[in-house]
Amino acid sequence: MAIGWLIIVNLLLLTPGHNLPKGPSIPHLDKVVHISVFAVLTFLWAQVGTVDSQKKIIWEKLLTNLLVFTIIFPIFVEYVQAYVPNRSFEYEDIVANLIGGTIGFIGFIILYKVKPSLV
């Protein structure tokens, strides 16, 4: 599921702007989308190989996934958008991506503490 969502995220964020449907003109809606997309992405990748058979967190793996999908990938994909037609690099999008990643990570930790069998 994490790989599928990563593919969807890449398609959404790296599609030329003129190929995207026009959405409603709601202020800051794009930031909400960035936060949501990266919250889901980080939450899903937080589950990949990070819990052992006794339902204990493997912190090294979790922190590696966090570093890659909450910090490195969001900054990288925003940088690449500068080279995609009708897309642009925005520092505000990086901040929204980082906020979303943090929300996804916190959501994973909360779910793990409440119901480890679900992660």
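These legends go with a set of close-up views of a predicted model.

**Figure 1. The whole protein is built from 4 helices and 0 strands.** Follow the chain along its sequence and you get the pattern α-α-α-α. The C-alpha atoms fill a box of roughly 50 × 25 × 25 Å, taken along the principal axes. Of the 119 residues, 36% are buried. The protein exposes about 7,200 Å², and carbon and sulfur atoms supply 72% of that area. Now think about who touches whom: among contacts between residues at least 6 apart in sequence, 74% join residues at least 24 apart.

**Figure 2. Here is helix 2, which runs over residues 29-46.** How far apart should the ends of its 18 residues be? At 1.5 Å a residue the expected span is 26 Å, and the end C-alpha atoms are indeed 26 Å apart, so the two values agree. Look for the buried residues of this helix, which include H34, V37, F38, L41, L44 and W45. What covers them? The cover for the buried residues of helix 2 includes helix 1 (2-14), helix 3 and helix 4.

**Figure 3. D30, K31, E90 and D93 are linked in a network of salt bridges.** The structure holds 3 salt bridges, and K31 is a good place to start looking for them. The side chain of K31 meets that of D30 with N and O 2.7 Å apart. Are these two residues buried or exposed? D30 counts as partly exposed because its relative accessibility is 37%, while K31, at 16%, falls under the 20% cut-off and so counts as buried.

**Figure 4. K31 also forms a salt bridge with E90, at 2.9 Å from N to O.** K31 lies in helix 2 and E90 in the loop between helix 3 and helix 4, so this pair ties together parts that are 59 residues apart in sequence. E90 itself is partly exposed, with a relative accessible area of 25%.

**Figure 5. D93 forms a salt bridge with K31, and their closest N and O atoms are 2.7 Å apart.** This pair links distant parts of the chain, with D93 in helix 4 and K31 in helix 2, 62 residues apart. Both D93 and K31 are buried.

**Figure 6. The side chains of T70 and T42 are joined by a polar contact of 3.3 Å.** T70 sits in helix 3. With a relative accessibility of 4%, T70 is under the 20% cut-off, so it counts as buried. Which residues touch T70, leaving aside its neighbours within four places in sequence? They are T42, N65, L98, G101 and T102.

**Figure 7. L67, V68, I71, I72 and I75 form a nonpolar patch on the surface.** Together these residues have about 380 Å² of accessible area. I75 is one of them, and you'll find I75 in helix 3. Its relative accessible area of 36% makes I75 partly exposed.

**Figure 8. K55 and N86 are worth a look for their backbone angles: K55 has a positive phi of about 65 degrees, and N86 has one of about 60 degrees.** K55 is not a glycine, and N86 is not one either. Where do they sit? K55 is in the loop between helix 2 and helix 3 (59-81), and N86 is in the loop between helix 3 and helix 4 (91-114). K55 is partly exposed, with a relative accessible area of 33%. N86 has a relative accessibility of 57%, which is over the 50% cut-off, so N86 counts as exposed.

Technical notes
Residues numbered from 1 in each chain as written. Predicted model: local features only at pLDDT ≥ 70, side-chain atom pairs only at ≥ 80, totals over all residues. Heavy atoms only, no water. Helix = DSSP H or I, 4+ residues; strand = E, 2+ residues; numbered from the N terminus. Buried < 20%, exposed > 50% of the residue type's maximum accessible area, 1.4 Å probe, protein only. Expected span 1.5 Å × (residues − 1). Contact = heavy atoms within 4.5 Å. Patch = residues over 30% accessible without salt bridge, like charges linked within 9 Å, V, L, I, M, F, W, Y side chains within 5 Å. Areas by Shrake-Rupley, 256 points an atom, 1.4 Å probe, with all protein chains shown as cover. Salt bridge = Lys/Arg side-chain N within 4 Å of Asp/Glu carboxyl O. Polar contact = N/O pair within 3.5 Å; in protein donor to acceptor, adjacent residues only side chain to side chain.
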